[in-house]
Amino acid sequence: MSAIADDQAGAVFAALADPTRRRVLQALAERPSVTASALAGELPVSRQAVAKHLAALRDAGLAERQRAGRETRYHLRPAPLTDAVAWMATTGAQWDDRLARLERRLSADASARR
Amino acid sequence: VELHEQMVRREVVLSVDRDTAWKNLADAEGLAGWLADDIELDVREGAEGTARWSDGTERHVVVDEVEIGRRLALCWWADGEHATLVELTLDEHEAGTRLVVLELPVRVVEAVGATLARTGPPARGPQLAGAGA
C-alpha cells in the first residue's frame with residue numbers, strides 16, 4: 001500500500017466531511033472553471049464562506065485556481081478522488097481477508113470441539 | 001464517487017456467542033492470526049503495540065477504547081502514513097454474534113466531530129488517545 005496515497009485519502013476524506021464543501025465540489029465538477037463570486041451566487045452561502053471552502057479543497061488537492069485577467073477562476077482536480085476510492089477499495093479488501101480468516105478459525109474451533 | 005461514504009464498513013455474523021467471539025478480540029493471542037499475522041499489544045486503553053503481516057508490512061497500534069465483551073477501538077498507522085481508526089463492535093444476533101468493522105482516517109473523525117454511524121447503543125465518541133500524534 002502506498003503511504004502517499006493513504007495520506008492523500010485522509011486529506012480528501014477530511015475535506016469532504018463538510019456537506020457545504022461537498023456542494024462546492026459538486027458545483028466545480030459541473031463546469032470547466034468558475035469564480036468564487038459565481039459560486040456564492042448559486043449556493044446558499046456567503047462569498048466569504050465559499051472562499052474558505054475553496055481554500056480547503058485546494059489544500060486537499062481537489063481544486064486549483066488560475067488567474068484569468070482580473071478574475072480568479074477555480075477548477076476541479078479529480079485525481080485525489082481516485083486515490084481516496086483506491087484507499088477504500090484496498091482497505092475493504094483487507095477487511096474481507098481478515099474476516100474470512102476469523103470465520104475460518106471459528107469454524108475450525110467448532111469442529112475441533114465436536 | 002459516493003462522497004458521503006467516507007469509511008470502510010464490513011459486517012459479518014459469527015456462528016458463536018458473544019463471549020466466544022470476544023476471545024478473538026480480548027488479547028494479542030486472540031487478535032493474531034486474523035487481524036494481523038502477528039500482534040504485540042495489551043488490549044487496554046492507551047496501550048501501544050505493533051501489528052505485523054507476513055508480507056513485511058508493519059503498523060503501530062494504539063488502543064483507543066475497550067468495552068469488554070462488546071467493543072474494541074484502535075488507531076493504527078504505518079511509518080509515514082496518517083492514522084486510521086478501527087472499530088470492532090460485537091452485538092447479539094439470532095444466528096450468533098454480529099461483528100461490525102469500521103475503518104476511517106482519523107482526520108475524518110476529527111472533521112466530523114466523532115459522530116460515527118454507530119451500530120450498537122450510543123456510546124461516548126472515540127477519544128483517539130495519542131493517535132498518531
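**Note on a predicted two-chain model**

1. Long-range contacts in chain A. Among the contacts in chain A with a separation of 6 or more, 54% are between residues 24 or more positions apart. The model is a predicted one, and the points below take chain A, chain B and the ring pairs in turn.

2. Elements of chain A. Chain A holds five helices and three strands. From start to end of the sequence, their order is α-α-β-α-α-β-β-α. Two of the helices recur below: α1, residues 3-16, and α5, residues 79-113.

3. Overall form of chain A. The radius of gyration of chain A is 21 Å, whereas a compact globule of 114 residues would have one near 13 Å. The C-alpha trace of chain A spans about 80 × 30 × 20 Å along its principal axes. A reader looking at chain A should keep both statements together: a radius of gyration of 21 Å and a span of about 80 Å along one of the principal axes.

4. Burial, surface and charge in chain A. Buried residues make up 39% of the 114 in chain A. The chain exposes about 6,200 Å², and 49% of that is supplied by carbon and sulfur atoms. Chain A carries 18 positive and 13 negative charges, and the mean positions of the two sets are 4 Å apart.

5. A:Val34. This residue is in strand β1 of chain A, which covers residues 34-35. Is A:Val34 buried or exposed? A:Val34 has a relative accessible area of 3%, under the 20% cut-off, and is therefore buried. Beyond its neighbours within four places in sequence, A:Val34 is in contact with A:Leu28, A:Leu39, A:Thr72, A:Arg73 and A:Tyr74. A:His75 is 41 residues from A:Val34 along the chain, and the C-alpha atoms of the two are separated by 6.6 Å.

6. A:Leu81. Helix α5 of chain A contains A:Leu81. With a relative accessible area of 11%, A:Leu81 is buried. Its C-alpha is 15 Å from that of A:Val24, and the two residues are 57 apart in sequence.

7. A:Phe13. In helix α1 of chain A lies A:Phe13. Its relative accessibility is 3%, so A:Phe13 counts as buried. A:Pro80 is 67 residues from A:Phe13 in sequence, with 9.8 Å between their C-alpha atoms.

8. Ring pairs, within chain A. Over all chains, the whole structure has three aromatic pairs. One of them joins A:Phe13 and A:Trp87, with ring centres 5.5 Å apart and planes at 65 degrees; planes over 60 degrees apart count as edge-to-face, so this pair is edge-to-face. The two residues are 74 apart, and the pair links distant parts of the chain, with A:Phe13 in helix α1 and A:Trp87 in helix α5. A:Phe13 and A:Trp87 are both buried.

9. Ring pairs, between chains. A:Trp95 and B:Trp76 form a stacked aromatic pair, with 25 degrees between the planes and 6.2 Å from centre to centre. Why does this pair join two chains? A:Trp95 is in helix α5 of chain A, while B:Trp76 is in strand β5 of chain B, residues 71-77, so the pair joins two chains. Both A:Trp95 and B:Trp76 are buried. Ring pairs also bring in B:Trp53, and A:Trp95, B:Trp53 and B:Trp76 are linked into a cluster.

10. Elements and contacts of chain B. Three helices and seven strands are found in chain B. Along the sequence they run β-α-α-β-β-β-β-β-β-α. Of the contacts in chain B with a separation of 6 or more, residues 24 or more positions apart account for 37%.

11. Burial and surface of chain B. Chain B has 133 residues, and 52% of them count as buried. Its accessible surface comes to about 6,200 Å², with 45% belonging to carbon and sulfur atoms.

12. B:Glu94. Which loop holds B:Glu94? B:Glu94 sits in the loop between β6 (84-93) and β7 (96-105) of chain B. Its relative accessibility is 81%, over the 50% cut-off, so B:Glu94 counts as exposed. B:Val13 is 81 residues away from B:Glu94 along the chain, and their C-alpha atoms are separated by 9.3 Å.

Definitions and conventions
Residues numbered from 1 in each chain as written. Chains lettered and ligands numbered in written order. Predicted model: local features only at pLDDT ≥ 70, side-chain atom pairs only at ≥ 80, totals over all residues. Heavy atoms only, no water. Helix = DSSP H or I, 4+ residues; strand = E, 2+ residues; numbered from the N terminus. Rg over C-alpha atoms; globule rule 2.2 N^0.38 Å. Buried < 20%, exposed > 50% of the residue type's maximum accessible area, 1.4 Å probe, protein only. Contact = heavy atoms within 4.5 Å. Areas by Shrake-Rupley, 256 points an atom, 1.4 Å probe, with all protein chains shown as cover. Lys, Arg positive; Asp, Glu negative; His and termini not counted. Charge placed at Lys NZ, Arg CZ, Asp CG, Glu CD. Phe/Tyr/Trp six-rings, centres within 6.5 Å; stacked < 30°, edge-to-face > 60°.
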